[in-house]
Every structure is written in structure tokens, then in C-alpha cells.
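Open the model in your viewer and keep the selection tool at hand. The tour goes through enclosed spaces, then open ones, then a single residue.

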Amino acid sequence: MVDTVLDRFLRYVVIDTQSDVTSPTQPSTAKQIDLSRVLLAELKALGLDATLDGSGYVYATIPSNTAKAVPTICFCAHVDTAPDFSGTGVKPQIVRNYDGGDIVLPGDKSRVIRPADYPVLKTQIGNDIVTSDGTTLLGADDKAGVAEIMSAAQHLLAHPEIKHGPISILFTPDEEIGRGVDKVDLQRVGAQFAYTMDGSTAGEIQDETFSADGVGIDITGVAIHPGFAIGKMENAIKIVGEIIAKLPRTISPEATEGRDGFIHPVGVTGTMEGAKLQLIVRDFTEGGLADKEALLEGIVRDVLKSWPGSGYVFKVTEQYRNMKIVLDCNPEIVDYAMEAVRRAGMAPALTSIRGGTDGSRLSFMGLPTANIFAGGHAFHSPLEFVSVQDMQRAVDTIVHLAAIWEERA
Ligand SMILES: [Zn+2]
């Protein structure tokens, strides 16, 4: 009997794989390996050469079945779920032939998935929608991606008439805590190009992430006994407070969307003598980052004019860069993905991610990586849902993509 993508998905989501940012180990939680072991066994059962290493990475390769020289393409998904909401005891529910109404989650009837909140539901009428029971997240992020890659592998192996080059499969731990590619062995992956199956809405391809810097501002004040402070004290805590108050409200996470970046304070510590303000700066372009950092330093200089005895150190640290810089050097990565989405019966949409992904890090580690939809919505929450039909479209997209790389080689 052939496993459907739904069979696989239901098998994977009941395995608790929540990662833990406070853990120093890799993988951060041993339970992630429970799923990795299942995947290893299933890949081997498909007849593939697969390994699970000590850091929790699963690697496998589908050999080429064509005489052509085709670049090795990697498909990647992460096994962990977000620490934001419980992933223990997931009880998946299937709403068959969805009618367009509210979906009340049976384990907690106060939790309702409403088309008013998730307009994408209007595109799902007649589909079969999988949710949790409302007491946990579902884990479609990214077990939908895992199930889709596994189903596509099974399909390619069962259909040797579909010609393709070498396909590398990679399942990573700890993506949700930003360590998904910390210990990845790119030699073992052996690919020239890659796709993460970790996006949301069907048809979407993402080739852009934020570029990201961290900024540390150290303020040195003038400390003195408060009883004798007149005309002398310069309290570093107050100086930092003035800087924060002058940050433009319009360039904040809470006031921006789409392609607009922001300046965002994330930490402050201090005494009268010295205070430290930490911020993150985000933009889609290097120029936009530089402008925001110049604006920020201008605010600091301006505030310090009225504190002549105090000083500051302004330090910018690069965090990650927009993967589009890398992907634009190999436009076929995105072009072929767009064509695969079309062949799978959808209108492709190229969008950007207001954050970073493992793909952005892989791109700068030498493996150019775009992100493809996996079909899930309301990630990291008990309202998370995915339709079986969108997961199948993602499977079809992977299969078409493998064939397109062979055709064009
Ligand atoms: Zn994800």
C-alpha cells in the first residue's frame, strides 16, 4: 500500500519534536531524534542510502536516473517545532470537504479558526483541512515540508520514467531556535542548489529575507554621590532613556510591513555610570540598513550634546544577509521553481520573508537556497492548519522541479 502525504504527515505530527533555545546541546532536545529515526528508517525502506548523524541531521540521496549531467538539487525541511506553543500530545483533526465556515477546535472550543482572521480559508472550500485539537500546535511548520519531501521521493522512485538528476534530502533539527544549519555537513549534502520546503501559502516562492545587523550602544555617564551631584551628574540610565524615546515610531516593527525595515530595541541594562542598549536593525537592502544605522547614531550624538561629560561607543555586528544577493547570481533556482509551481497547477507568487531562514544562512555558506511553500498557516499557534490538497500540490511541485532541472541541463 502506498503512503499518501496525509498518512506521512499524521505519522510525523504526533511525535513531539519541540526545540529548546535554553539547551546548549545539538540537537537541543533528544526527542527531535525520535522523528529523525523514523525518517531514517523510512528512507532506507525506500531503498535510499540514508544516514542520521550525532547532531540530528538526516541525509539521503536519490541517485540520478538520466545520462545527462544534472546539478545535484537538495530539498530541505526541519523536524523541530517552535518553543512558542506545546507540541506534546498532538491530536490531529481532519475537516473533510471544508465548507467555508468557522472551524471550532474540539479540545478547546474557545479556539476557533475563522475565515475572517485567515482569508486564505476562502481558497480551501472543498479541501480537507488538518488542525490540532486546539490544545497544542499542529506542527505543519515544518512537518508538512518533511512529509512532502518524503512523498516526492517515494513518487520519483516509483516512476523511473520521470528523469531527474541526483536529489539530496536534508532534514535538520533546531531551525526554530536559529541553529538549524550550525552543524550541517555540506559535503555530505553534496548539492549545488537547494530548496527549503518551509513556506506557507500554496504557490509562493521566497527568494528574499531581511538583511540583519545588531547594534550595541555603550553609554558612559558621570557618576557622583546624588547628594553632591548638582551640575555634575550625568546618569547613563537617563541618557539611554532619551535615546529610546527619540526612536522614530514609524520605523518600528509595530508600524511596518511589506518591504519596510525597522529599528528595534531588544535589551537595555545600566547603572548611573554606564548603560548598554542593544538593538536590531532590519531592511531588505544594504543601503537601507546603513541609512537606519546612520539615523540611529545621529540620535545618539544629538542626545549626548546635552551631556558633555558622557561618551558613547556604537558597534554594529552583522547578523545575516538577504539571500537574494546570492540567488540573483543563479536566477534558474527561482525560475525553475516558478515553472514547477505552474506545472503543478498554481499561479506562482514571488514573496519576501520579514526574517531570516536557514535558507539565507545556507545561501551564504555556499549553497544557494530558495524557499518553497509547504502549505501550512498560523504557524507556532494552536490554530495552525494545512490542507491535504496544498500538501499534495507541494509534492507535485517538488516532482516537477526535479524533472525541470533534468530537462534544462
Ligand atoms: Zn519552519
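A cavity here is a set of grid points where a 1.4 Å probe fits but cannot get out, and its volume is the space filled by probe spheres set on those points. The model is predicted. The second largest cavity holds about 40 Å³ of space.

**Stop 1: the second largest cavity**

Select Ile62, Phe75, Ile149, Ala152, Ala153, Leu156, Ile167, Ile169 and Ile398, the residues that line this cavity. Two elements, α3 (140-158) and β8 (167-172), each give two or more residues to the lining. The top contributor is α3, with 4 residues. Colour the selection by class: the second largest cavity has 9 nonpolar residues in its lining, with no polar and no charged ones.

**Stop 2: the largest cavity**

How many cavities of 30 Å³ or more does a search of the whole structure find? The search returns 2. The largest has a volume of about 60 Å³. To display its lining, select Cys76, Ala77, His78, Asp142, Thr172, Glu175, Thr196, Asp198, Thr357, Asp358 and Gly359. At least two lining residues come from each of β3 (73-78), β9 (193-199) and α9 (358-364). Strand β3 has the largest share, 3 residues. Colouring by class gives 2 nonpolar, 5 polar and 4 charged residues around the largest cavity.

**Stop 3: the largest pocket**

Now turn to the open spaces. The largest pocket contains about 500 Å³ of space. Its lining has 23 residues; select Glu175, Asp198, Ile353, Gly356 and Thr357, which are the closest to the centre of the pocket. Then show β9, β15 (349-353) and α9 as cartoon, since each of these elements gives two or more residues to the lining of the largest pocket. Helix α9 gives the most, with 3 residues. The lining of the largest pocket divides into 5 nonpolar, 11 polar and 7 charged residues.

Keep Glu175, Asp198 and Thr357 selected for a moment. These residues are among those closest to the centre of the largest pocket, and they are also part of the lining of the largest cavity.

**Stop 4: the second largest pocket**

Go back to α3 and add α10 (388-408): these are the elements that give two or more residues to the lining of the second largest pocket. This pocket has a volume of about 200 Å³. Of its 14 lining residues, Ser151, Gln154, His155, Gln392 and Val395 lie nearest the centre. Which element gives the most to this lining? It is α10, with 5 residues. By class, the lining of the second largest pocket has 5 nonpolar, 7 polar and 2 charged residues.

**Stop 5: Ser28**

Finally, select Ser28 in the loop between α1 (5-13) and α2 (32-45). Is Ser28 buried or exposed? Ser28 counts as buried because its relative accessible area is 6%, and the cut-off for buried is under 20%. Draw a distance from the side chain of Ser28 to the side chain of Asp174: the two make a polar contact at 2.6 Å. Leaving aside residues up to four places away in sequence, Ser28 touches Ser19, Asp20, Ser23, Asp174, Ile177 and Arg179. Show these residues as sticks to see the surroundings of Ser28.

Notes
Residues numbered from 1 in each chain as written. Predicted model: local features only at pLDDT ≥ 70, side-chain atom pairs only at ≥ 80, totals over all residues. Heavy atoms only, no water. 1 Å grid on protein atoms, 1.4 Å probe; cavity = no way out; pocket = protein on both sides within 12 Å on 5 of 7 lines; lining within 4 Å. Nonpolar A, V, L, I, M, F, W, Y, C, P; charged D, E, K, R; others polar. Buried < 20%, exposed > 50% of the residue type's maximum accessible area, 1.4 Å probe, protein only. Polar contact = N/O pair within 3.5 Å; in protein donor to acceptor, adjacent residues only side chain to side chain. Contact = heavy atoms within 4.5 Å.
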